[in-house]
Amino acid sequence: MTHLRSRARSVLLAAALIAGTVGTVGMTAACDGGPSSEPKGRASPQPTTARNTVMWQEPASYVYTLTSTAQALAGQFRVTVRDGKVVKAVGLDENSRWLLREGPGDVPKIGDLMDMLEKAWQEQADTAEVEYAAGGHPARITLDVDENAIDDEAEYVISGYEPGAG
């Protein structure tokens, strides 16, 4: 798995310290660990480093299993995406079945999760991390906007990913 981590506040502080002693070229190398040979899918909307660049292109159709610890969406779901839209979500545990039965909320497609990650990067969240599976798709997204806030943490584990299915 490729693991990318963004600790925006720490990175900004480190960048400020490095810029003062090494200059812009040193800052780029220190922040991004050198050039990345991995493909870039959608680019983030603002200049980024290898640490916060989306590296996956979402296909129009796929299925996957989402295990979510987000307060608003906790549980395990089998999700079918067709033509870029979630067309089916099945709850795989008691909590997810209850949420699908009772709540008006939608189960996200992987692209929606990646959009949340990019937004967290832009807003300089304390934690905004993505791990990629060997096949290149996101496998885990971890978000914590403010480490001092309660109940804003979320982890999304993506498994059973089958591109083209759906």
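**Aromatic rings and the nonpolar core**

Both W56 and Y161 are buried in this predicted model. The two residues make a good starting point for a walk through the interior.

W56 and Y161 form an aromatic pair of the edge-to-face kind, with 6.1 Å from centre to centre and 75° between the planes. W56 sits in the loop between helix 2 (24–32) and strand 2, while Y161 belongs to strand 7, so their pairing ties together parts that are 105 residues apart in sequence.

How many aromatic pairs are there in the model? The count comes to four. One of them joins W56 and Y62: the ring centres are 6.3 Å apart and the planes stand at 80°, which is over 60°, so this pair is edge-to-face. Y62 has a relative accessible area of 0% and is therefore buried; for W56 the value is 8%, under the 20% cut-off, so W56 is buried. Ring pairs link W56, Y62, Y64 and Y161 into a cluster.

Y64 also appears in the largest nonpolar core, which holds 28 residues. Y64, L66, I110, M114, L117, I141 and Y156 are the residues that touch the most other members of this core. Two or more residues come from each of strand 2 (62–70), strand 3 (73–82), helix 4 (110–122), strand 5 (127–132), strand 6 (138–144) and strand 7 (153–163). Helix 4 gives the largest share, six residues.

Which residues does I110 touch, leaving aside those up to four places away in sequence? They are W56, E58, Y62, Y64, P138, I158 and Y161. The ring cluster of W56, Y62, Y64 and Y161 thus comes back into view here, as I110 touches each of these four residues.

Technical notes
Residues numbered from 1 in each chain as written. Predicted model: local features only at pLDDT ≥ 70, side-chain atom pairs only at ≥ 80, totals over all residues. Heavy atoms only, no water. Core = buried A, V, L, I, M, F, W, Y, C linked by side-chain atoms within 4.5 Å. Buried < 20%, exposed > 50% of the residue type's maximum accessible area, 1.4 Å probe, protein only. Helix = DSSP H or I, 4+ residues; strand = E, 2+ residues; numbered from the N terminus. Contact = heavy atoms within 4.5 Å. Phe/Tyr/Trp six-rings, centres within 6.5 Å; stacked < 30°, edge-to-face > 60°.
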